[in-house]
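Colleague: Could you take me through this model? I should like to begin with the overall make-up and then turn to packing.

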Amino acid sequence: MNGKKIKAGRFMLTKMTAADGDKYFRLSNNAQVMKYVTGYPLTRPESDDMLRRFLAEYGPNTYLGRYLIEEEATGELIGAAKLDKVGAEYEIGYRVMEEHWGKGIATEIATGLINFAKGTLNAKSVIAFVNVNNVASIRVLEKAGMVNMETIEDLDEVKYKFSYSPQNNPSMKKVLYILLGLIALVLIAAFLMPKDYAVEKEIVINKPKAEVFAYLKSLKNQDNWSVWASRDPNMKKSFTGTDGTVGFTSMWDGNDDVGKGEQEITKIEEGERVNTELRFLKPFESTNDAYMVTEVIDSTSTKVRWGFTGAMPIPMNVMLPFMGMEKSVGKDFQDGLNNLKAILEK
């Protein structure tokens, strides 16, 4: 098949034929373009001879060979490119006319050739050679995701061998750097932010302190006033020990709203304070210390404080500001205390 073409971004690469002598001469007659090829601009006979030698390397039925680069929309000549095979590796190359330098075209061509070699030709390795002094072309290859693998000293030139590596693709590197930066920010924030949290609510109940405390220290009574018990009427409950004493444990297993866990009385200051440990098992595991405190206001009224404390490990503690402990858990505590007041003041 004649007229092999390769699409590279905005440009169409068309395999050269003997009829392309005029176009090729426009490119090879420029001293700057040929600086790292021959070192000097070619005459027309020299340009035609070079083109003939290129055409003799590969027949028309292969994608290997030399190409003219033209802007697809306008047909304007942009430069020349090559796609060769060196052993098992595919080699790419390009020359861009001087008036089109500095526009990112070379990078677009190199990237297009790499993608074509990898995607269409199933190339395992794509390489390019560049003179060690050709700083602009070295930068182009780096932008296209290629890395310098070795230095080669020929008789008339010292050059680098570049190889394409997906791991070094600049887009992937950029994404990786962003991810690493975000992780670093999260870790820094985690070390700077507090790990501890606490919620406490209070209410005044118009009953003597002794009566209020006697009701509070029974964990079974919590099912009457705690809002969580009402969220799952079918919640399974079990108990161990003697209610109202240290070691008594209330266990629950309910729906997604209440989860699964247990609460154990860990300390009682008679008439003053009950400490418990809350151990949540589902939907996630955590342990918190809870307490209920009674304070005398007068002979017929008592202040009740209900709260809990806990700690969130690094780096999960960065989520604390977004969890709204005070708003969500605090509301449940206050609603529970309101229920407690209504029950005791009947």
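Modeller: What follows covers the overall make-up, one helix pair and the nonpolar cores of this predicted model.

Colleague: How many helices and strands are there in the protein?

Modeller: The protein has ten helices and 15 strands. Of its 346 residues, 41% count as buried.

Colleague: And what share of the contacts between residues at least 6 apart in sequence join residues at least 24 apart?

Modeller: That share is 54%.

Colleague: Turning to helices, at what angle do H1 and H2 pack?

Modeller: Helix H1, residues 21-28, packs against helix H2, residues 44-57, at about 115°, and their axes are 9 Å apart. The two are therefore roughly perpendicular to each other. Their crossing is right-handed.

Colleague: Which residues meet there?

Modeller: H1 contributes Gly21, Asp22, Tyr24, Phe25 and Ser28, while H2 contributes Arg44, Ser47, Asp48, Met50, Leu51 and Phe54. By class, the residues of this contact comprise five nonpolar, three polar and three charged.

Colleague: New topic: in the largest nonpolar core, which residues touch the most other members?

Modeller: They are Leu13, Ile92, Ile109 and Met146, in a core of 33 residues. Helix H3, residues 105-119, gives the most to this core, with eight residues.

Colleague: What is Met146 in contact with, leaving aside its neighbours within four places in sequence?

Modeller: Met146 is in contact with Ile92, Ile114, Val126, Ile127, Ala128, Leu141, Phe162, Ser163 and Tyr164. Apart from the core of Met146 lies another, of 27 residues, including Ile205, Phe248, Ile265 and Trp306.

Terms used: Residues numbered from 1 in each chain as written. Predicted model: local features only at pLDDT ≥ 70, side-chain atom pairs only at ≥ 80, totals over all residues. Heavy atoms only, no water. Axes fitted to C-alpha atoms, helices over the stretch in contact; angles between N-to-C directions. Helix = DSSP H or I, 4+ residues; strand = E, 2+ residues; numbered from the N terminus. Parallel < 35°, antiparallel > 145°, perpendicular 65-115°, else oblique. Left-handed = near helix turned anticlockwise from the far one by under 90°. Contact = heavy atoms within 4.5 Å. Nonpolar A, V, L, I, M, F, W, Y, C, P; charged D, E, K, R; others polar. Core = buried A, V, L, I, M, F, W, Y, C linked by side-chain atoms within 4.5 Å. Buried < 20%, exposed > 50% of the residue type's maximum accessible area, 1.4 Å probe, protein only.
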